[in-house]
Amino acid sequence: ESGIRGWGGCLLEQAENWLRQHYPEVVKLHAQVLPNNEPSKKLFDKLNYNLAATMPQFEYVKEFEACT
């Protein structure tokens, strides 16, 4: 249980896990969110994405250590 309500958080966490398992060379994820999409902004905040830009859309970035 991630503590994140709704399907979005669960799906995003599962996608991150799958990506790390199948593409360990990926070390950064980017997500673009429309400025008025508050639920998505909260979701990326809760999943430890960093807000990198706010114009014209909100851009969230999450960095990982490389898997070996």
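In the predicted model, strand 2 is joined to strand 3 by a hairpin of four residues. These two strands, the former spanning residues 50–53, pair in the antiparallel sense over three bridges. Asparagine 50 has valine 61 as its bridge partner in strand 3, and alanine 53 is matched with glutamate 59 of strand 3. The loop between strand 2 and strand 3 contains proline 56, and the peptide bond joining methionine 55 to proline 56 is cis, with omega at about -10°. Most peptide bonds, by contrast, are trans.

Strand 3 also pairs with strand 1, the two running antiparallel and being joined by six bridges. Within this pairing, lysine 28 stands opposite glutamate 63 of strand 3. The three strands thereby form an open sheet in the order 1-3-2, with antiparallel pairing. Strand 1 and strand 2 stand at the edges, and each has a single partner strand, so one side of each is left without a neighbour in the sheet. From one strand to the next, the twist averages 35°. In general, the strands of a sheet pair through backbone hydrogen bonds, in either a parallel or an antiparallel arrangement.

At the level of the whole chain, two helices accompany the three strands, and the elements follow the pattern α-β-α-β-β along the sequence. Of the contacts between residues at least 6 apart in sequence, 56% join residues at least 24 apart. The chain has 68 residues, of which 28% count as buried. Its accessible surface comes to about 5200 Å², and carbon and sulfur atoms account for 53% of that area.

The largest nonpolar core consists of 12 residues, namely Leu12, Leu19, Leu29, Ala31, Val33, Leu43, Phe44, Leu47, Tyr49, Phe58, Tyr60 and Phe64. Helix 1, strand 1, helix 2 and strand 3 are the elements that each give two or more residues to this core. The most is given by strand 1, which provides three residues. Leucine 12 is in contact with Leu43, Phe44, Leu47 and Tyr49 when its neighbours within four places in sequence are left aside. In soluble globular proteins, nonpolar side chains tend to be buried together.

Three salt bridges are present in the structure. Side chains of opposite charge can pair when their charged atoms come close. In one of the salt bridges, the side chains of lysine 62 and glutamate 16 meet at 3.0 Å, N to O. Lysine 62 belongs to strand 3 (residues 58–63) and glutamate 16 to helix 1 (residues 6–22), so this pair ties together parts that are 46 residues apart in sequence. Both lysine 62 and glutamate 16 are buried.

A further salt bridge links lysine 28 and glutamate 63, whose closest N and O atoms are 3.9 Å apart. Lysine 28 lies in strand 1 (residues 28–33) and glutamate 63 in strand 3, so parts that are 35 residues apart in sequence are tied together by the pair. The residues that form this salt bridge also stand opposite each other in the sheet. Lysine 28 counts as partly exposed because its relative accessibility is 40%, whereas glutamate 63, at 56%, counts as exposed.

The salt bridge between glutamate 38 and lysine 41 has an N to O distance of 2.8 Å. Both residues lie in helix 2 (residues 38–46), three residues apart, which is about one turn of the helix. Glutamate 38 is partly exposed, with a relative accessible area of 41%. Lysine 41, by contrast, is buried, with a relative accessible area of 9%.

A further backbone feature is found at asparagine 48, in the loop between helix 2 and strand 2. Asparagine 48 is not a glycine, yet its phi is positive, at about 65°. Most residues other than glycine have a negative phi. With a relative accessible area of 59%, asparagine 48 is exposed.

How values were computed. Residues are numbered from 1 along each chain as its sequence is written. This is a predicted model: local features need pLDDT of at least 70, side-chain atom pairs count only at pLDDT 80 or more; totals for chains, interfaces and linings use all residues. Side-chain values use heavy atoms; hydrogens and water are left out. A salt bridge is a side-chain nitrogen of Lys or Arg within 4 Å of a carboxyl oxygen of Asp or Glu. Buried means under 20% relative accessible area, exposed over 50%, partly exposed in between (1.4 Å probe, protein chains only). Contact means heavy atoms within 4.5 Å. Accessible areas come from the Shrake-Rupley method with a 1.4 Å probe; for residues, only the protein chains shown count as cover. Two strands pair if DSSP finds at least two bridges between them. Axes are lines fitted to C-alpha atoms, for helices over the stretch in contact, and angles run from 0 to 180 degrees between N-to-C directions. A nonpolar core is a set of buried Ala, Val, Leu, Ile, Met, Phe, Trp, Tyr and Cys residues joined through side-chain atoms within 4.5 Å.
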